[in-house]
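Subject: Structure handover

Hello,

Here is the structure you asked about. Please open it alongside this note and follow along.

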Amino acid sequence: MDTEGTYDGQETRSGRVPRPAGPPAHPPGLPPKPSHAPAAGPTLGDWLRFPRASDGPGVWTYGHVPRAAEEPEVTPTRQLVSGALIALLAGLLLWSLLWNGYLGGFWLWPLYMFTPDSWAGTLPSVVASYVWYALVAVTLAIGFGRLGRWPELGRRVLGSRAARAVRAVHASAPVRPEAGGADDPARWPQLRDAGLGDAADRLEGEAGAGRMNDVDYARIRRAWDSVRADPSRLRAFAEAVRDKGAGACVHPSGARDLPVRAARHDLLARQVLLGAVEDGPRNPYARRGTSLALDPEVLGTSLLAVGPSGSGKTGRLVRPVVESLALQALAGQAAVVAVGAAGARLGPDAAYDVVVRVGDPASVYDLDLYGGTTDPDEAATLLAEAFVGDVPGIEVRRAATALAQLLGPFRAAHGRFPAVPELRELLEQVPDAIGELRRDLADAGQHTMLRELDARERQHGAPADPGPALADRVALLDRPAFAGFFDTTGQGRPFSLRALEHPIRVRVDLPERGHADASRMLARLLLAQFNAAAAARTDRSLFAFLAFDDASHTLTPQTVRGVQRLRSANAGVLLTLRSLDDVPEELRTPLLGAVGCRMAFSGVTTWDGKRFAETWGTEWVETRDVTHRTVFADQPLTRAIHAFRKLVTGKAVTTDAVTVRQVERERWSASDLAHDVPPGYAVLSLTSVRGERAAPLLVRLAGTA
């Protein structure tokens with residue numbers, strides 16, 4: 001059983017939309033001012049004190065009460081009624097035999113033994129007799145009542161099962177800390193134990209006055225964890241809390257909340273509510289009816305979601321997950337990058353620190369084509385993966401070598417990497433560009449780089465030369481729509497995925513409509529850069545996450561292998577596809593094996609369902625085969641009774657033979673996934689970074705009636 005209430009007092013909309021990474025549009029000492037009355041919900045203190053429990057990955061811990069692993073056997077009501085009637089008739093028969101003396105007077109011996117002879121014929125004797133009769137009748141009623149299971153029938157008929165369930169919940173629910181007690185999280189006991197009583201009092205007063213929200217609490221708790229790891233920060237932390245209260249240790253953008261929340265979040269557990277597990281036989285009994293949530297524990301194994309257009313991938317999965325990680329970024333716990341087509345509903349601009357609109361002249365930020373690296377070989381490897389990683393017949397390694405033979409000399413001559421037009425000219429071996437680069441290298445005395453350039457010239461035009469294919473791909477970016485983008489001269493504000501070491505919120509809008517091929521190439525580049533940047537971080541305390549609203553034609557063999565290695569780097573990706581056909585045939589099975597969480601939305605095709613069914617495997621289930629056999633009577637009386645019964649019921653008299661056996665069946669078949677998942681539902685399996693697994697669950701997604 002899950003409690004529906006969560007801390008929702010901060011689900012607000014700001015009156016104005018601030019610029020990304022700009023100052024907050026509200027006083028620095030207060031959370032954002034809502035433009036409408038918030039929904040009724042618990043206070044911050046009540047939200048903190050509410051018990052949380054988990055018995056598996058994906059469980060919404062807020063108010064969760066673990067259930068039994070197996071469903072208890074429930075006796076059918078018809079069987080209970082028949083058993084109760086038989087016990088009642090048997091009890092009445094025994095009482096009648098005793099009362100009428102057919103069984104003798106032995107049951108009256110205790111009465112004769114404990115009543116004096118002088119009471120004979122007096123009122124006390126009559127009273128004692130009736131008291132004894134009542135005791136015997138009650139004893140018979142209790143005995144035959146237990147035999148006939150009268151109490152269970154009474155609870156079934158009178159509807160007290162709900163009351164029993166409530167009592168069970170209160171008996172097994174986690175202990176809730178007492179308000180004002182020593183373990184009350186709203187009183188900041190960890191600070192008091194460290195001798196920071198004044199800071200704890202200040203924060204407690206801020207929460208009591210309504211000047212602290214859930215993001216503030218999570219952010220300050222995160223800051224305190226860093227103080228415990230590095231005690232030298234203790235003084236600065238205490239001064240910040242004393243001076244700013246709930247606004248201490250604020251995010252670099254100055255924001256203390258998102259302008260709007262589209263999902264329900266529990267920042268204390270770092271979870272976002274995704275939906276509810278269907279209460280039906282397709283799901284394990286322990287998870288039926290419980291709420292399902294996602295957190296970094298499961299997102300760290302990466303998630304692949306497949307579903308047709310309109311199935312709810314963006315609104316019911318991508319945006320809630322991105323929103324949750326954006327809140328965690330404000331609390332200093334995560335860094336998130338969301339990639340989608342221009343116009344995708346991934347949240348307002350004010351919810352992000354950086355918004356890169358590729359191809360939009362009004363975009364404030366640019367995209368670093370080289371991922372912030374200064375190593376020509378690394379930059380060449382990333383570009384080769386993005387440019388020709390999806391081209392059959394071209395080795396990415398040879399393409400990376402060809403690019404490195406140009407990037408290295410150019411950087412040695414100019415101190416920077418070439419812009420898109422310059423890189424295109426070098427790949428096409430334009431004489432003026434090559435000649436100028438050669439003269440610059442000669443003037444700088446870079447003879448080693450001259451040999452690299454000579455090697456590229458010799459390989460140009462060879463049958464296996466990847467240069468022409470690379471030039472064709474670079475030409476997709478050398479368009480008037482992208483003029484001014486991918487600047488390497490330092491005049492723009494390029495965003496690099498090297499910033500994942502900071503709690504940053506980024507959204508990249510790709511020009512999917514007018515430049516589909518260029519958008520897919522940039523998506524491959526971002527995925528390759530993310531894999532490299534996440535693994536190269538020196539500080540992995542932040543959870544890094546990359547979310548693709550549409551990952552079609554984005555995956556390559558190298559990036560799939562990189563996704564599998566992300567879980568050890570405290571990072572993960574979210575990939576959504578309309579169909580597995582958007583992934584090369586040879587990568588479909590490795591992709592399903594590389595991610596730990598798999599999600600099939602309503603409306604998937606049977607051939608996509610077959611891949612999921614193979615991935616989820618089989619399980620042992622108990623089946624019962626019932627065989628009906630007609631009874632043939634030998635005696636005339638029995639034949640007459642059977643004939644009368646057949647005349648009344650219209651059916652011949654039969655006996656049932658039940659065969660129980662264990663069989664191995666698919667958890668979800670391809671046909672079930674294609675035809676039995678209702679609209680607004682999805683089948684989801686989860687794996688945590690610790691290796692805990694949740695079997696495929698049929699989930700009713702949030703927002704579905």
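A residue counts as buried here when its relative accessible area is under 20%. Keep in mind that this is a predicted model.

**Helix α4**

Start with helix α4, residues 123–147. By that cut-off, its buried residues are Ala-128, Ser-129, Tyr-133, Val-136, Leu-140, Phe-144 and Gly-145. What covers them includes α2 (77–99), α3 (109–114) and α5 (150–158).

The length of α4 checks out. At 1.5 Å a residue, its 25 residues should span 36 Å. The end C-alpha atoms are 36 Å apart, so the two values agree.

Val-131 also lies in α4. Its relative accessibility is 45%, so Val-131 counts as partly exposed. Val-131 and Leu-111 are 20 residues apart in sequence. In space, their C-alpha atoms are 9.6 Å apart.

**Two residues with positive phi**

Most residues other than glycine have a negative phi. Two loop residues are worth a look here.

Arg-149 comes just after α4, in the loop between α4 and α5. Its phi is near 55°, a positive value in a residue other than glycine. Arg-149 has a relative accessible area of 34%, so it is partly exposed.

Phe-486 sits in the loop between α18 (467–477) and β8 (494–495). Its phi is near 60°, again positive in a residue other than glycine. Is Phe-486 buried or exposed? Phe-486 is buried, because its relative accessible area is 2%.

**Nonpolar cores**

In soluble globular proteins, nonpolar side chains tend to be buried together.

The largest nonpolar core in this model has 91 residues. Which of them touch the most other members? They are Phe-387, Phe-486 and Phe-530. The largest share of this core comes from α19, with ten residues.

Phe-530 has a long contact list, leaving aside neighbours within four places in sequence. Leu-497, Leu-500, Ala-544, Phe-545 and Leu-546 are among its contacts. So are Leu-566, Ala-571, Gly-572 and Val-573.

There is also a second, separate core of 70 residues. Its members include Val-321, Ala-326, Leu-330 and Tyr-352.

**Arg-524**

Arg-524 lies in helix α19, residues 516–536. With a relative accessible area of 2%, Arg-524 is buried. What does Arg-524 touch, not counting residues up to four places away in sequence? The list is Glu-385, Ala-386, Phe-387, Asp-390, Arg-473, His-553, Thr-554 and Thr-556. Phe-387 is thus a contact of Arg-524, and Phe-387 is also one of the three core residues named above.

**Helices α14 and α17**

Two packed helices are described by the angle between their axes and the distance between the axes.

For α14 (residues 396–414) and α17 (residues 447–459), the axes come within 9 Å. They cross at roughly 145°, and the crossing is left-handed. On the α14 side, the contact is made by Ala-402, Ala-404, Gln-405, Leu-406, Gly-408, Pro-409 and Ala-412. On the α17 side, Met-449, Glu-452, Leu-453, Ala-455, Arg-456 and Gln-459 take part. By class, this contact has eight nonpolar, three polar and two charged residues.

Best wishes

Terms used:
Residues numbered from 1 in each chain as written. Predicted model: local features only at pLDDT ≥ 70, side-chain atom pairs only at ≥ 80, totals over all residues. Heavy atoms only, no water. Axes fitted to C-alpha atoms, helices over the stretch in contact; angles between N-to-C directions. Helix = DSSP H or I, 4+ residues; strand = E, 2+ residues; numbered from the N terminus. Left-handed = near helix turned anticlockwise from the far one by under 90°. Contact = heavy atoms within 4.5 Å. Nonpolar A, V, L, I, M, F, W, Y, C, P; charged D, E, K, R; others polar. Buried < 20%, exposed > 50% of the residue type's maximum accessible area, 1.4 Å probe, protein only. Expected span 1.5 Å × (residues − 1). Core = buried A, V, L, I, M, F, W, Y, C linked by side-chain atoms within 4.5 Å.
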